[in-house]
Amino acid sequence: MSPLPHLPSEVVADIVLRALRLKTPICDISAVCRFWHSIVVRNFAEVLMLRELRENGSMVIVLRRALQHHKLDVALGLVSRPGSLEESAEALMLVARNGNTDLARCLMHAPHHAAHADCQNGNALVAAAAGGHISVIRILLDAPQHAAHANCQDGEALVEAAFGGHMEVVRTLLDAPQHAAHADSYDGNALVQAVGGGHIQVVCLLLDAPQHAAHADSYDGEALVQAAGGGYIEIVCLLLDAPQHAAHADSYDGKALVQAAGGGHIEVVRLLLDAPEHAAHADSYDGDALVQAAGGGHIAVVRLLLDAREHAAHADCQDGGALVQAAEGGHIEVVRILLDAPQHAAHADCRDGVALLLAAEGGHIEVVRLLLDAPQHAAYASGCGWELVEAAAGGHIEVVLLLLDAPQHAAYAEWGGGAALVRAADGGHTEVVRLLLDAPQLAAYAEWGGGAALVEAAAGGHIEVVRLLLDASEYAPYTDWGGGAALVRAADGGHTEVVSVLQDHIDGKTRREQ
């Protein structure tokens, strides 16, 4: 049998619409007519789209489906059919976003309700600009009637094109013979968007526009902030060296410096600090640049900010904020620099020891040791012993051991011992549990920790931890009361081996008591 022909969409539409009028299921169609069935199967996407068109009457919804399935023949048939002016406008925006020039032309030259290129205040132009579809842009701008305006929506098309780095679209919008877009429209938002994406050629176009050029200092220097944050040093230079309306390195109270420092862009940081006019201050924003650099572990940037000739950052700014950030990230060299600063050195015990807490939580053993051993203002445990608890929860056995042995921490380790045991058991950290069980200073807190730890270990299916807790003689009176609850939690979690071990323990205790 020869292969069946691939029928045009309009033929398929006629067949399918007849079937729909009869309300015949597709499976029944296949039984009635093999030829019909092959058409439906071969053109299944068209069938679904045409059915949707018939049911909801929206050409735009079905057109979107056609474009998603790359069914351009179906899309062409849809835009050629008579429709309302509103539908045509929506469809034009859709095909403009998709970048299909043939469909755009068809809609604009339809005999009935042709779409206007400037409909909906230029939405189609904005959509095409966002996608960088230069051919569609030219069609819309060059329409003989109702042409789109390049400066529509206060230059939104220019902003979208600049954001995407579509240089040819930007140039076309700026050079439009009528209603050209202004590079400085929207207070220079196009420049900010171009800078944020690192599109240096677009930035040059906007700054060098012969008329209505963008201002490098627009948006209170937001373009400089974006460039500094992205580490785009060439763009930073362009903005600072603009012949008119140059950006100020210290604008926005030095926010550009903060962004550059946080990203570790040392050359940008140096450029901002050494600007001949309006130089950024290393201590601006209460030293936030130092805090951000410390949090990212950017050693060279930290040194540069602390050693600035004027307005140097203080290592203890924001009540030790930089130290806290460095400790949390485990950046040992930064922590050491901050603690050893010749002036305004950070205190290891700042913020009631939160740096120690965060370092312990992250398992940063060297940072923990450095904070505990600081010659002045050494870190101490919080009154609740949470450092030990967090270290145990993360399974950081070396940190746990260090905290248990630290003289200044020992008094508080007892308080946190029970909670530490529970958190370690919950995480299935067998060796940490063993260490805590063997710590003599925690024995007094087995009273509540043992039972709760057993329950959590059982719930998580941590069989080795369960055995450890059951075998610990000093915990036996307290694991007994947790046994029943542990058995229930283990059964709920489907941990059959744990259930078996707990049941044997309970049965053995019952026999001994008899």
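## Terms and model

A residue counts as buried under 20% relative accessible area, as exposed over 50%, and as partly exposed in between (1.4 Å probe, protein chains only). The model is predicted, with local features needing pLDDT of at least 70 and side-chain atom pairs counting only at pLDDT 80 or more, while totals for chains, interfaces and linings use all residues. Residues are numbered from 1 along each chain as its sequence is written, and side-chain values use heavy atoms, with hydrogens and water left out.

## Salt bridges within helices

The whole structure holds 10 salt bridges, each defined as a side-chain nitrogen of Lys or Arg within 4 Å of a carboxyl oxygen of Asp or Glu. In helix 28 (residues 430–438), where helices are DSSP runs of H or I with at least four residues, numbered from the N terminus, Glu431 and Arg434 stand 3 residues apart, about one turn of the helix. Their closest N and O atoms are 3.4 Å apart; Arg434 is partly exposed at a relative accessible area of 34%, and Glu431 is partly exposed at 45%.

Helix 22 (residues 332–339) carries Arg336 and Glu333, also 3 residues apart, and this pair forms a salt bridge whose closest N and O atoms are 2.8 Å apart. Arg336 has a relative accessible area of 32%, whereas that of Glu333 is 36%.

## Overall composition

The protein chain contains 32 helices and 0 strands, and buried residues make up 46% of its 514 residues.

Terms used:
Helices (H or I, at least four residues) and strands (E, at least two) are DSSP runs, numbered from the N terminus.
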